Amino acid sequence: MSIDDVVLSFTPGSLVILNVVLAVIILGIALEVRPADFRTVLRSPKAVLVGIAAQYLVLPAVTVGLALLLNVPASIALGMILVACCPPGGISNVLTHRAHGNVALSASMTAVSNLVAIAVMPLNVALWARLNPGTESLMREFSLDRWEMLIQVLLIIGLPFALGMPLARRYPRITDKVRPWVQRIGLIALLVFIVSGTASNLGPLREHLGTIFLVVLLHDAVALAVGYWTAAAVRLDEPSRRAFAFEVGARNTGLGLGLTLTFFAGLGGMAMVAAWWGIWDILAGLLLAAWWRRRDARAGRAAAQPPDAEPPAAEPPAAATNGADR
């Protein structure tokens, strides 16, 4: 069976659970946002604006080209575009910290990008999907209602931000204690949902798993590279480049999965791309962060090692003695 004909089966109750889990994940991000994050944007808007452009213009454009180059089925291509149009996930801040990146910039970009996604994401998906004949056909088939998607995104992202930011500002000590648990519970719940949902629908997808794995692996690597080299192109420093890599490379694909199940009837290729992205980008991000940490450690040891000492100067020969010395 063609993957474009595979539809995943989820009950209405499971969709409600997924939306609640996604809202919890976004709440974890919102509880981490501080007014200082927005002051950072005002002080250095260039970096954040370039980061927004990398996420919502450069990455989707590169994704459309990659899908055409790989000649993947239309449902997989549309899943790639949907993922590319998702906002960054909260894991990006953790990965940036582990990689010795610019955490302040990462936090600012996460906050601003999620707020921008409320208005931009539905338009972005429709725009970029039209550039691929296969995905354009799917969009017509499902008759995507952009206003309905806007409301969905607003509820999943906007409402948690509207609740989380005032709580973080008014009760900073309490939210600092609660936030890690909210983030962990949300992430674990999402992983459980993805694994259990995939397992229950594995039959018709089994023959396509290899293709999806390779496409996501390559797409995620391209996203990380787009982030890093976009920052390099505008001459940002190395810690900022690492922050860009994870802000562009770590997408909130749980949101993409929820939108796939809600607006695209659980289309198999789309759902599997979003689901596997949600797992793989964490694994790839941890590997990349560990590599950067090891490289920094080696550079630190090399810098701390003293230069080779100069060989001691030869002592002059002892003066010859003569009879007058005796």
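Let me start with the kink in helix H3, which is about 40° and centred on Ala54; please keep in mind throughout that what we have here is a predicted model. Helix H3 itself runs over residues 45–70, so to speak 26 residues in all, and reaches 36 Å from its first C-alpha to its last, close to the 38 Å expected at 1.5 Å a residue. Just after H3, Asn71 takes a positive phi of about 55°.

Now to the interior. The largest nonpolar core has 82 residues, and those with the most contacts inside this core are Met121 and Phe264. The helix that gives the most to this core is H6, residues 103–129, with 11 residues. If you select Phe264 and leave aside residues up to four places away in sequence, you will find that Phe264 touches Leu78, Met139, Phe142, Leu144, Met149, Leu259 and Met270. There is also a second, separate core of nine residues, and among its members are Ala99, Leu224, Ala245 and Phe246. As background, nonpolar side chains in soluble globular proteins tend to be buried together.

Let me turn to the charged side chains, where the count comes to five salt bridges. In general, side chains of opposite charge can pair when their charged atoms come close. One of these bridges is in helix H7, residues 133–142, where Glu136 and Arg140 lie four residues apart, about one turn of the helix, and where their side chains meet at 3.7 Å, N to O. Glu136 is partly exposed, with a relative accessible area of 30%, whereas Arg140 is exposed, with a relative accessible area of 55%.

Which residues are linked in a network of salt bridges? They are Glu238, Arg242, Arg295 and Asp296, and I would like to go through part of that network slowly. The side chains of Arg242 and Glu238 meet in a salt bridge at 3.0 Å, N to O, and because these two residues are four residues apart in helix H12, residues 238–249, they are separated by about one helical turn. Arg242 is buried, with a relative accessible area of 3%, while Glu238, at 24% relative accessibility, counts as partly exposed. Glu238 also meets Arg295 in a salt bridge, this time at 3.4 Å, N to O. Since Glu238 lies in helix H12 and Arg295 in helix H14, residues 268–304, this pair ties together parts that are 57 residues apart in sequence. Arg295 is partly exposed, with a relative accessible area of 31%.

Arg242 leads us to my last residue, Thr96, which is found in helix H5, residues 91–98. Is Thr96 buried or exposed? Thr96 is buried, with a relative accessible area of 0%. Where does the side chain of Thr96 reach? The side chain of Thr96 reaches the backbone oxygen of Ser92, at 2.8 Å. Again leaving out residues up to four places away in sequence, Thr96 touches Gly101, Asn102, Val103, Ser106, Arg242, Ala243 and Phe246. Two names in that list have come up already: Arg242, which belongs to the network of salt bridges, and Phe246, which is included in the second, separate core.

Definitions and conventions:
Residues numbered from 1 in each chain as written. Predicted model: local features only at pLDDT ≥ 70, side-chain atom pairs only at ≥ 80, totals over all residues. Heavy atoms only, no water. Expected span 1.5 Å × (residues − 1). Bend = angle between axes of the 7 residues up to and from the residue. Core = buried A, V, L, I, M, F, W, Y, C linked by side-chain atoms within 4.5 Å. Buried < 20%, exposed > 50% of the residue type's maximum accessible area, 1.4 Å probe, protein only. Contact = heavy atoms within 4.5 Å. Salt bridge = Lys/Arg side-chain N within 4 Å of Asp/Glu carboxyl O. Polar contact = N/O pair within 3.5 Å; in protein donor to acceptor, adjacent residues only side chain to side chain.
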